[in-house]
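Welcome! Take a moment to look over the sequence and the model, and then we can walk through them together.

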Amino acid sequence: MTRNRWGVVWVLTAFALVGFTACDLLPYRWDRGERIYRKECARCHGLQGNGDTIQGMGNAWTDLVDGNFRYGGDVTSMQNLIRDGVLGKMPEYDREEISREDMRALMNYLFELRGDRPPYPEPGS
């Protein structure tokens with residue numbers, strides 16, 4: 001094989017390895033709640049929910065996994081907080097922006113993220 005062909009083989013192999021490594025990062029692999037969380041919440045709360053973002057720095061309440069909740073960590077309190085927001089701190093999402101099914105999926109993901117049982121378990125789980 002010529003030197004040029006070996007270069008092509010190495011480049012293609014490198015792209016294949018990077019592609020296989022990134023497969024877990026592709027959105028189609030995330031469940032509904034995680035997709036919503038990553039799109040709407042992770043900017044401030046971080047991908048792991050621990051608030052380790054520029055927007056979350058200096059605000060202890062952006063950590064969703066430490067068990068300390070300013071407005072309550074139960075399902076109702078969290079749903080109200082998401083719908084109503086916190087003036088100047090967290091945007092609100094009204095009923096037209098987030099459906100009941102999306103809210104349930106988000107709640108399940110948030111509870112799983114902090115190591116708790118999901119409040120709305122999927123049938124058969």
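Of the 125 residues of the protein, what percentage count as buried? The figure is 29%. Keep in mind as you read that this is a predicted model.

**The overall layout**

The protein has five helices and zero strands. Reading from the N terminus on, its elements follow the order α-α-α-α-α.

**The nonpolar core**

Let us turn to the inside. In soluble globular proteins, nonpolar side chains tend to be buried together. Here, the largest nonpolar core has 17 residues. Tyr37, Ile82, Ile98, Leu106, Met107 and Leu110 are those with the most contacts inside this core. Helix 2 (32-40), helix 4 and helix 5 each supply at least two residues of the core, and helix 5 gives the most, with seven residues.

**Salt bridges**

Charged side chains also pair up in this model, and the count comes to four salt bridges. Three of these pairs are set out here, each with its N to O distance.

| Acidic residue | Basic residue | N to O distance |
|---|---|---|
| Aspartate 102 | Arginine 32 | 2.7 Å |
| Glutamate 34 | Arginine 38 | 3.0 Å |
| Glutamate 40 | Lysine 39 | 3.6 Å |

Begin with aspartate 102 and arginine 32, whose side chains meet in a salt bridge. Aspartate 102 belongs to helix 5 and arginine 32 to helix 2, so this pair ties together parts that are 70 residues apart in sequence. Arginine 32 is partly exposed, because its relative accessible area is 40%.

The pair of glutamate 34 and arginine 38 sits within one helix: the two are four residues apart in helix 2, so about one helical turn separates them. How do these partners fare, buried or exposed? Glutamate 34 has a relative accessible area of 15% and is therefore buried, while arginine 38, with 27%, is partly exposed.

In the pair of glutamate 40 and lysine 39, glutamate 40 counts as partly exposed because its relative accessibility is 28%. Lysine 39 counts as exposed, with a relative accessibility of 62%.

**A negative patch on the surface**

Now for the outside of the model. Which residues form a negative surface patch? They are Asp84, Glu92, Asp94, Glu96 and Glu97.

Two of these residues are worth a visit. Glutamate 96 is placed in the loop between helix 4 (75-84) and helix 5 (100-113). Its relative accessibility is 71%, so glutamate 96 counts as exposed. Glutamate 92 also lies in the loop between helix 4 and helix 5, and with a relative accessibility of 48% glutamate 92 counts as partly exposed.

Glutamate 92 also leads back to the core. From C-alpha to C-alpha, glutamate 92 and isoleucine 82 are 5.8 Å apart in space, and they are 10 residues apart in sequence. Ile82 is among the residues with the most contacts inside the largest nonpolar core.

**One more loop**

Finally, where is glutamine 55 found? Glutamine 55 is in the loop between helix 3 (42-45) and helix 4. Its relative accessibility is 47%, so glutamine 55 counts as partly exposed. Glutamine 55 and histidine 45 are 10 residues apart in sequence, with 8.2 Å between them in space, C-alpha to C-alpha.

Conventions: Residues are numbered from 1 along each chain as its sequence is written. This is a predicted model: local features need pLDDT of at least 70, side-chain atom pairs count only at pLDDT 80 or more; totals for chains, interfaces and linings use all residues. Side-chain values use heavy atoms; hydrogens and water are left out. Patches are made of residues with over 30% relative accessible area and no salt bridge: like charges are joined within 9 Å, nonpolar side chains (Val, Leu, Ile, Met, Phe, Trp, Tyr) within 5 Å. Accessible areas come from the Shrake-Rupley method with a 1.4 Å probe; for residues, only the protein chains shown count as cover. Lys and Arg count as positive and Asp and Glu as negative; His and the chain ends are not counted. The place of a charge is taken as NZ of Lys, CZ of Arg, CG of Asp or CD of Glu. Buried means under 20% relative accessible area, exposed over 50%, partly exposed in between (1.4 Å probe, protein chains only). A nonpolar core is a set of buried Ala, Val, Leu, Ile, Met, Phe, Trp, Tyr and Cys residues joined through side-chain atoms within 4.5 Å.
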